[in-house]
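User: I'm new to this structure and would love a close look at one of its helices. Could you walk me through what stands out, and then show me what else is worth seeing?

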Amino acid sequence: MPGSNCTQATELSLAGFTEDLATQVTLFLLFLLTYLVTILGNLGMITLIRASPLLHSPMYYFLGNLAFVNLCTSTTITPRTLVGVLLGKKGMAYAGCMAQVFTLDLFLVTECFLLATMAYDRYVAICHPLLYPLVMSPKCCSRLVAGSYLLGLANGVGQTISMSSLSFCSSRAIDLFFCDISLLISLSTADTTLSLVILRSASSLLGVPSMLVVLVSYIAIISTILGISSAEGKCKAFSTCAAHLGTVSTFYGALIFMYLIPRSDTSRGGEKWAAVLYTVVTPMLNPLIYSLRNQEVREAWRR
């Protein structure tokens, strides 16, 4: 319950990273470089997939959508972070914070289901190659992608409704560089029962199933690869999913550290860098990983 000295805030304060000027300049340059690489890499990947007939297949259709989502996720977070680091501007309007929560939760859940869809695509390709053209038809791929966006939209709307019931004291500061719904709930001076129910329901109904799809798919994929007799066949099969496995490990690893491991005062710094990993670094790395690990993408770039 709010105390008698609590003044309701119309603007929220983001703690950022550090007060040291030299470190702020270094962080600004690193974030700026990362964002530029993210923009160029993901836009380049989207353009390449649309322009090259060699990449007109379900796997690259999903990859193009993943690049778009990565671009949106990074744009939701990084420009505001750059302004905060450069100008020392920590305040963020409540409406702006709500918009950031909506867009970030929309695209994070969409990415979760796109990664799960890509894992299922690799499972069908490796474990049931004869059925692949039938199972992963253009209509099925379109429905899977549309479903990923719709589930992300449902999560964004739900979390925004959750945040609309929260209120904050003007002295409260978010110990992060963006508006994170879990931290907002913990800082609220209002009744957080509805917000916690929505957050936990979303985690259970959206996050866990997508992780299970990825886990079960890769258990089946690894089992199938181990059953291949020739070393060349094993290497070829593994190369088709190695890039996606690296992306999944980085993305889900950061999310698990951020949201599933219990919070403590000593882990706050680690949470900030885990958040940097899945909101800033992973969107930059994805196009680079797929470009370096995938022979068809490298061939399309050369052409």
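**A salt bridge, a helix and a surface patch**

Analyst: Let's start with a pair of charged residues in this predicted model. Arg 122 and Asp 121 form a salt bridge, with their closest N and O atoms 2.8 Å apart. Both Arg 122 and Asp 121 are buried, and the count of salt bridges comes to one.

Now for the close look at a helix. Helix 2 covers residues 58-87, which makes 30 residues. From its first C-alpha to its last, helix 2 reaches 44 Å, close to the 44 Å expected at 1.5 Å a residue. Along the way there is a kink of about 30° at Thr 75, shortly before the proline Pro 79. As for its surroundings, 23 of the 30 residues of helix 2 are buried, so this helix is largely enclosed by the rest of the structure. If you follow the chain onward, helix 2 is followed by Gly 88, which has a positive phi, near 70°.

For a contrasting view, turn to the surface. There, Leu 150, Leu 153, Val 157 and Ile 161 form a nonpolar patch, and together they have about 350 Å² of accessible area. One of them, Val 157, sits in helix 5, which spans residues 138-164. With a relative accessibility of 38%, Val 157 counts as partly exposed, because that value falls between the 20% limit for buried and the 50% limit for exposed. A general point helps when you look at such a helix: an α-helix has 3.6 residues a turn, so residues three or four places apart point the same way.

Methods:
Residues are numbered from 1 along each chain as its sequence is written. This is a predicted model: local features need pLDDT of at least 70, side-chain atom pairs count only at pLDDT 80 or more; totals for chains, interfaces and linings use all residues. Side-chain values use heavy atoms; hydrogens and water are left out. Helices (H or I, at least four residues) and strands (E, at least two) are DSSP runs, numbered from the N terminus. The expected span of a helix is 1.5 Å times one less than its number of residues. The bend at a residue is the angle between axes fitted to the seven residues ending there and the seven starting there. Buried means under 20% relative accessible area, exposed over 50%, partly exposed in between (1.4 Å probe, protein chains only). Patches are made of residues with over 30% relative accessible area and no salt bridge: like charges are joined within 9 Å, nonpolar side chains (Val, Leu, Ile, Met, Phe, Trp, Tyr) within 5 Å. Accessible areas come from the Shrake-Rupley method with a 1.4 Å probe; for residues, only the protein chains shown count as cover. A salt bridge is a side-chain nitrogen of Lys or Arg within 4 Å of a carboxyl oxygen of Asp or Glu.
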